[in-house]
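The following exercises are meant for a reader who meets this structure for the first time. Each one sets a task and then works through a solution step by step.

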Amino acid sequence: MKNLSPRQREILKLVQEKKDLSIEELRQALGISQATAYREIQELSQMGVVAKIPGGISQIESSSDRCVQCRGETNARTTFIIEQKDGKKLSACCSHCGMMALSNNSNVSTAMTIDFVYGKMLNVSQAWYVLNSAVVLCCSPSILSFSNREDATRFTQGFGGEVMDFINAQKNLNKMMTLIQI
Ligand SMILES: [Zn+2]
Ligand SMILES: [Zn+2]
């Protein structure tokens, strides 16, 4: 990192830890005045190391390894990949976000999810899903993917949840998410 003052490094560290901070949080964390906080944010955002958001700062998002749906970090164990007809690849953090992203995308060519037990990639339409089990690795309600129905069923015997094929899993997820929003 070039030419950052010790205070700017400190700010950058805070932003990396917390992802975003309000001016007030920044002011308190560093014991600086509001004017100084504004000035530092201005400088750091001009250098392109942080992003200015209303009332504060946030981490710059490196789009490639962030979930297309929730902007969270993608996770190798639960990753979900959408390939668009234009060749663009989108990754989602888990089947939950992947299915949400699929329902909002009319440009999908294929989509792949990863088997929770064996870690191999599967076409989403061939996978089986366990919704709402006690194992929440990423987004909630959790959705885990399995390459066959038996593994999925066995999993629910230990951890609860419901086994569904792709169509039903997506339908149920959309329903649950609508209920949560109300
Ligand atoms: Zn996500
Ligand atoms: Zn997720």
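**Exercise 1. State how the domain assignment divides the protein, and how far apart the centres of the domains are.**

Solution. The model is a predicted one. Its domain assignment gives domain 1, covering residues 6-59, and domain 2, covering residues 64-181. Taken over C-alpha atoms, the centres of domain 1 and domain 2 are separated by 35 Å.

**Exercise 2. Compare the span of helix α1 with the span expected for it, and describe the residue just after the helix.**

Solution. Step one: helix α1 runs over residues 6-18 and has 13 residues. Step two: at 1.5 Å a residue, the expected span is 18 Å. Step three: from the first C-alpha to the last, α1 reaches 18 Å, which is close to that expectation. Just after α1 comes Lys 19, with a positive phi of about 75 degrees.

**Exercise 3. Determine the strand order of the open sheet and describe how its strands pair.**

Solution. Step one: three strands make up the open sheet, in the order β1-β3-β2, with antiparallel pairing. Step two: β1 (20-22) and β2 (50-53) are the edge strands, each pairing on one side only. Step three: on average, neighbouring strands of this sheet are turned by 25 degrees against each other, direction ignored.

Step four considers each pair. β1 and β3 are antiparallel and share three bridges; Leu 21 has Ile 57 in β3 as its bridge partner. β2 pairs with β3 (residues 56-59) in the antiparallel sense over four bridges. Opposite Ser 58 in β3 stands Ala 51, while Ile 53 stands opposite Gly 56. The hairpin of β2 and β3 has two residues between the strands, and in it Gly 55 takes a positive phi near 80 degrees.

Step five adds a helix: α2 (residues 23-30) lies across β1 and β3, and runs at about 85 degrees to β1.

**Exercise 4. Is Thr 36 buried, exposed or partly exposed?**

Solution. Step one: Thr 36 belongs to helix α3, residues 34-47. Step two: a residue is buried with 20 or more other C-beta atoms within 10 Å of its own, and exposed with 12 or fewer. Step three: Thr 36 has 14 C-beta neighbours inside 10 Å, and therefore counts as partly exposed. As a further detail, the C-alpha atoms of Thr 36 and Ile 23 are 10.0 Å apart, with their positions 13 residues apart along the chain.

**Exercise 5. Identify the elements that build the largest nonpolar core, and explain why α4 is described as largely enclosed.**

Solution. Step one: the largest nonpolar core has 33 residues, and Ala 92, Cys 97 and Tyr 129 have the most contacts inside it. Step two: the elements giving two or more residues to this core include the strands β4 (80-84), β5 (89-92) and β6 (108-114), and the helices α4 (95-103), α5 (149-159) and α6 (166-181). Of these, α4 supplies the largest share, five residues.

Step three: eight of the nine residues of α4 are buried, so the helix is largely enclosed by the rest of the structure. Among them are His 96, Cys 97, Met 99 and Leu 102. Step four: leaving aside residues up to four places away in sequence, Cys 97 touches Cys 67, Gln 69, Cys 70, Phe 80, Ala 92 and Cys 139.

Step five: a second, separate core has eight residues, including Ile 11, Val 15, Ile 41 and Val 50.

Note on methods. Residues numbered from 1 in each chain as written. Chains lettered and ligands numbered in written order. Predicted model: local features only at pLDDT ≥ 70, side-chain atom pairs only at ≥ 80, totals over all residues. Core = buried A, V, L, I, M, F, W, Y, C linked by C-beta atoms within 7 Å. Contact = placed C-beta atoms within 7 Å. Pairing = 2+ DSSP bridges. Axes fitted to C-alpha atoms, helices over the stretch in contact; angles between N-to-C directions. Expected span 1.5 Å × (residues − 1). Domains from an automatic or database assignment.
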